[in-house]
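Let's take a walk through this one together. Keep the viewer open and follow along as we go from residue to residue.

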Amino acid sequence: MKIQGKTSVPGDKSISHRALLISALAQGTSQIVGLNYGDDVVRTLEILQDLGVQISYQEGSVFVEGKNLSFNSPHKVLDCGNSGTTMRLMAGVLGGQSFESTLDGDFSLRQRPMGRIIDPLSLMGCKVHGAMGGTTAPLTIFGGDLQGIHYELPVPSAQVKSALLLAGLQARDTTTIIERIPSRDHTERMLQSCGAPIVRKGNQIEIVGGRTLQSQIHVIPGDFSSAAFLIGATVGLSGSELIIEKVGLNPTRLGFLTVLQAMGAHLEIIDSEEWGGEPVGDLLVRGSTLTGVTVEGELIPLLLDEIPILAVLATQALGRTMIRDAGELRLKESDRLASLTSELTKLGAQIVEQPEGLEISGPTKLGGAKVHSHGDHRLALALEVAALFAEGKVEIQDRECGAISFPGFSQTLHKIIVG
Ligand code: S3P
């Protein structure tokens, strides 16, 4: 079996959330082309409708009527589903609105840490009540009248940084955020393209509040994190060759590419351009022989969402792959260090869970087994790729959750598999 041909992936999930939120905060009508329609982004869209934002569809585009920083008070609890990005970024938006609102989510989202946004929003003058001693959802936000702050992020998190930028946009004076370790910077790029007074000075980002954002045409690139599963399948099946068209190539997202190249994978950017401040290009990938590597430190935030597929590939690489400094993976849609270890072990992988990482030895011929996604979309997609490398039947329970970020993954994969 091998992979051959040309394909594309759904719109970038992170950029889609931001395009909806920033269009809603702007003045005038924005157009979004190529929005990701997975469950997470749909949650953001529906919550904006609950806040009085008019959203319509025409010929493949989404049109958002901006509310110029002023939303309607909602009549119900705002349901973020499984989406951490929706909850955290929306908390930043609602922090600046002078009404009471409640954000809630599913069982998984209710377990995830929200103290990381509650603390800085409280410093800005917003009252947020949470469950479990004020650390988890549901979150009730009493917003309005924010004051800019000077804040150093305790964890490298683009969701926290973005929540504070969106709150800072609505605050008095300047908000300054210090990030010692860089994380994805889509919010900064998009705010800048809409005319926000935002500047980066070294590891500091400053935004001045109270200014109007301009409406835009946002064209969303393909999601590199979704492309990663197709890259993984191609690299792992010898004799394969795939072109993935119009993928987002923002440097703060490309850690997986850097690591795969270090492992010996053939990956090339064959064409690149810029869409609304975001680099985009076509990727050429070939089946390759891989060698184990160590992945740690500042590289981790640049490939955080790609660690599930990296772990699958590491089972096929010669020697040992060490993933360190990745404790944040325990706080995702599942505890990814535990869930990857348990499910890949069932397939026969040599994988050892560490407090803050994974140790994987290979190459291992994977076998058939019944595995579980743990309700985690990236685990479901990674296991679908692992199944391609396995001898015997791999049955993935709750694989449907893969649609949260990559609707139609199995169909896309099966169109490019030959032999
Ligand atoms: C995201 C940031 C990352 C990432 C998540 C999407 C974003 O989370 O893992 O899938 O869109 O800002 P953290 O901010 O928690 O690291």
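Is threonine 7 buried or exposed? Before the answer, one caveat: this is a predicted model. Threonine 7 sits in strand E1, which runs over residues 2-8, and with a relative accessible area of 12% it counts as buried, because the cut-off for buried is under 20%. Setting aside neighbours within four places in sequence, threonine 7 is in contact with Leu230, Leu242, Ile243, Ile244, Glu245, Thr412 and Ile416.

Two of those partners take us on to helix H14. Thr412 and Ile416 are in contact with threonine 7, and they also belong to the buried residues of H14, which are Phe409, Thr412, Leu413 and Ile416. Looking down the axis of H14, you'd find these buried residues within an arc of 95 degrees, so they line one face of the helix. The general helix geometry helps here: with 3.6 residues a turn, residues three or four places apart point the same way. The cover over the buried residues of H14 includes strand E1, helix H9 (224-236), strand E14 (241-248), helix H13 (377-389) and strand E23 (417-418).

Now flip to the other side of H14, where Gln411 and Lys415 are exposed. Lysine 415 has a relative accessibility of 73%, so it counts as exposed, given that the cut-off for exposed is over 50%. Want a nice long-range pair? Lysine 415 and isoleucine 3 are 412 residues apart in sequence, yet their C-alpha atoms are 9.0 Å apart in space.

Next up is helix H2, residues 39-50. Its 12 residues should span 16 Å at 1.5 Å a residue, and its end C-alpha atoms are indeed 16 Å apart, which agrees. The buried residues of H2 are Asp40, Val41, Thr44, Leu45, Ile47 and Leu48. Seen down the axis of H2, they fall within an arc of 160 degrees, so this set also lines one face of its helix. Among the elements covering them are helix H1 (13-25), strand E3 (55-58), strand E5 (78-79), helix H3 (84-95) and strand E6 (100-104). Just after H2, glycine 52 takes a positive phi of about 90 degrees.

Which residues surround the ligand? They are Ser14, Arg18, Thr85, Arg88, Ser157, Ala158, Gln159, Arg184, Leu304, Asp305 and Lys332. Some of the distances are worth pulling up. A ligand oxygen is 2.6 Å from an N or O atom in the side chain of serine 157, and a ligand oxygen is 2.7 Å from an N or O atom in the side chain of lysine 332. With alanine 158 it's a polar backbone atom, at 3.1 Å from an oxygen atom of the ligand. Taken alone the ligand exposes 390 Å², and the protein buries 95% of that.

One of the residues around the ligand, Arg18, leads to our last stop, since serine 162 is in contact with it. Serine 162 is in helix H7, residues 158-168, and counts as buried at 0% relative accessibility. Beyond its neighbours within four places in sequence, serine 162 is in contact with Arg18, Leu89 and Thr187. With threonine 187 there's a polar contact, side chain to side chain, at 2.7 Å. Aspartate 185 is 23 residues along the chain from serine 162, and their C-alpha atoms are separated by 8.5 Å.

How values were computed
Residues are numbered from 1 along each chain as its sequence is written. This is a predicted model: local features need pLDDT of at least 70, side-chain atom pairs count only at pLDDT 80 or more; totals for chains, interfaces and linings use all residues. Side-chain values use heavy atoms; hydrogens and water are left out. Helices (H or I, at least four residues) and strands (E, at least two) are DSSP runs, numbered from the N terminus. The expected span of a helix is 1.5 Å times one less than its number of residues. Buried means under 20% relative accessible area, exposed over 50%, partly exposed in between (1.4 Å probe, protein chains only). The arc is that of the directions from the helix axis to the C-beta atoms. Contact means heavy atoms within 4.5 Å. A residue is near a molecule or strand if one of its heavy atoms lies within 4 Å of it. A polar contact is a pair of N or O atoms within 3.5 Å; within protein, one must be able to donate a hydrogen and the other to accept it, and residues adjacent in sequence count only if both atoms are side-chain atoms. Accessible areas come from the Shrake-Rupley method with a 1.4 Å probe; for residues, only the protein chains shown count as cover.
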